[in-house]
Every structure is written in C-alpha cells, then in structure tokens.
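Thank you all for coming. I would like to take a few minutes to walk through one structure, and I will put it on the screen now.

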Amino acid sequence: DEAVAAVFALKLAPRTSLGVGLTALLLITLHPWAHGRIIERLQHGPDFDTEGHRYKSLVETHSGVISVPASKPSDIIAGGGVYDGRFNTDLKDDSNGIFRAYAAGALHPAPAEVMVIGLSSGSWARVLANHQAVMSMTIVEINPGYTKVIRNYPESATLLTDPKVKIHDDDGRRWLVRHPEARFDLIMMNTTMHWRANATNLLSEEFLRLAKSHLKPGGVIYFNTTMSSDAIHTAGKVFSHT
C-alpha cells in the first residue's frame with residue numbers, strides 16, 4: 001500500500017505544481033485590480049472614485065498614515081484619513097484659512113521665541129516663521145512622515161533648511177515635560193479635529209496648564225478649537241483672557 005501511495009503521489013506532483021503555479025500567476029495578475037489603491041478605498045469608502053481619488057503622496061509610519069490627494073486650488077494633506085490642511089501660504093488665494101496663521105502675528109507685539117505643535121503641510125509654520133520678529137522657532141511633530149511629504153512642496157520645504165527653525169520628532173506634551181526650562185512668547189497649534197482620538201492630549205485643562213508654564217510674561221497660546229465650545233470653555237478655565 002505504501003508503494004502504491006508513493007507512486008500515486010509522484011504522478012500527481014507535476015499536475016499539482018502546475019496548478020499551484022497557475023494559481024499564483026492568477027493572483028499576481030488580479031492583485032492590482034483587487035487590492036490596488038487600498039488606502040484610498042479605505043479612506044473614501046463608498047465615495048471612492050477610481051479616477052478622482054488618486055494620491056500624489058503616501059507615507060506610512062508607526063505614528064500613522066499621511067496621504068496627499070491631488071486637489072484644486074492646492075493639494076490637501078490628510079492624517080489618518082482626516083483632513084489636515086492644504087499646501088498654501090497665499091493670503092490672496094486663501095483656500096485653507098491661512099489668514100489665521102497671519103493673524104498670529106497680531107497677538108503678540110514681538111514673538112521672538114515661538115513654538116509650533118503640529119507640522120502638517122507646514123503652511124502655518126512657514127507663514128509665522130516669515131514674521132520679522134521671530135528669531136527662533138521650535139516645531140514639535142509626532143509623525144516624522146510629514147517632513148518627508150513637505151519636501152515635495154518648495155515653500156514648505158524651506159522649513160527644513162531655515163536656520164531659525166528646528167523640528168523635533170516627538171509628542172508635544174512629552175517634549176514640554178522633558179524641557180521644563182523652555183520658554184516662548186507664542187505657542188501655536190493648528191489642532192486637529194476635537195472629536196478625533198487623542199485630541200484631548202492637546203485640548204485638556206492639564207495640557208493647557210503645562211503649555212502655560214512654558215510661556216514668557218505676556219506670552220500667548222494660540223490654537224484651533226475646530227469649532228468646539230468645550231475647547232473654548234476649557235481654555236477659559238486656564239487663562240484669565242481668552
């Protein structure tokens with residue numbers, strides 16, 4: 001019986017090998033159709049459009065996925081599938097509310113030492129770094145993938161070589177805790193949507209008190225509440241003037 005089984009298996013082997021080979025070839029051929037642009041499909045769900053939702057850039061790190069869908073009038077950047085901003089510093093063609101970054105310069109008479117928490121497209125940081133009073137800028141960004149993306153956008157890319165700008169790959173809260181001596185005239189955060197997971201790491205009373213301890217006399221913290229009345233209420237509990 002063992003001899004018969006061995007011969008039987010031997011006769012099947014070539015056919016089996018051929019079948020496995022054909023199956024593998026079929027899977028390889030169908031892979032782009034079945035699994036191509038999987039991140040785009042996950043992000044856009046039922047609204048996914050084969051032609052309209054193409055990414056110009058995609059960076060995946062342990063801190064999350066950064067995507068840049070081609071868009072007009074300027075490219076959009078998304079973090080974890082959620083809108084994170086646009087690449088634009090033009091006040092005349094304000095497609096991303098960049099006037100808010102320019103307004104930061106009116107909140108302090110001479111913001112020499114500045115901290116920016118969150119890099120995203122780099123548009124807000126670039127605008128503020130251009131302020132003639134700014135002598136140094138500390139940018140803290142938890143996802144190092146953003147610096148890879150902004151290299152493709154000349155205006156934002158200048159942040160990577162600007163001598164008065166230093167970018168740290170770190171969590172904002174952790175960086176502040178580890179640098180108790182750091183003091184700033186202005187701390188700016190273009191905060192992500194208040195309803196996102198972990199957003200309270202930057203919107204909580206505890207964090208705002210930590211940030212406040214790093215302000216110089218007369219210093220200002222300027223952040224995006226993303227239309228959350230709770231975020232405004234929390235800031236009012238920490239600061240006398242909001």
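Where does proline 73 lie? In this model, which is a predicted one, proline 73 sits in the loop that runs between strand E2 (64-69) and strand E3 (76-79). The peptide bond joining lysine 72 to proline 73 is cis, with an omega of about 5°.

Let me keep to the backbone for a moment, since two other loops also deserve a look. Asparagine 198, in the loop between strand E8 (184-189) and H8, has a phi near 70°, which is a positive value in a residue other than glycine. Asparagine 198 counts as exposed, because its relative accessibility is 59%. Methionine 227, which belongs to the loop between E9 and H10, likewise is not a glycine and yet has a positive phi of about 65°; methionine 227 is exposed, with a relative accessible area of 82%. As background, most residues other than glycine have a negative phi, and most peptide bonds are trans.

That second loop brings us to helix H10, which covers residues 229-238 and whose buried residues are Ala231, Thr234, Ala235 and Val238. Looking down the axis of H10, we find these buried residues within an arc of 100°, and so they line one face of the helix. In general, an α-helix has 3.6 residues a turn, so residues three or four places apart point the same way. What do the buried residues of H10 pack against? Their partners are helix H8 (200-203), helix H9 (205-212) and strand E9 (215-223), whereas on the other side of H10 Ser229 and His233 are exposed.

Technical notes
Residues are numbered from 1 along each chain as its sequence is written. This is a predicted model: local features need pLDDT of at least 70, side-chain atom pairs count only at pLDDT 80 or more; totals for chains, interfaces and linings use all residues. Side-chain values use heavy atoms; hydrogens and water are left out. Buried means under 20% relative accessible area, exposed over 50%, partly exposed in between (1.4 Å probe, protein chains only). Helices (H or I, at least four residues) and strands (E, at least two) are DSSP runs, numbered from the N terminus. The arc is that of the directions from the helix axis to the C-beta atoms. Contact means heavy atoms within 4.5 Å.
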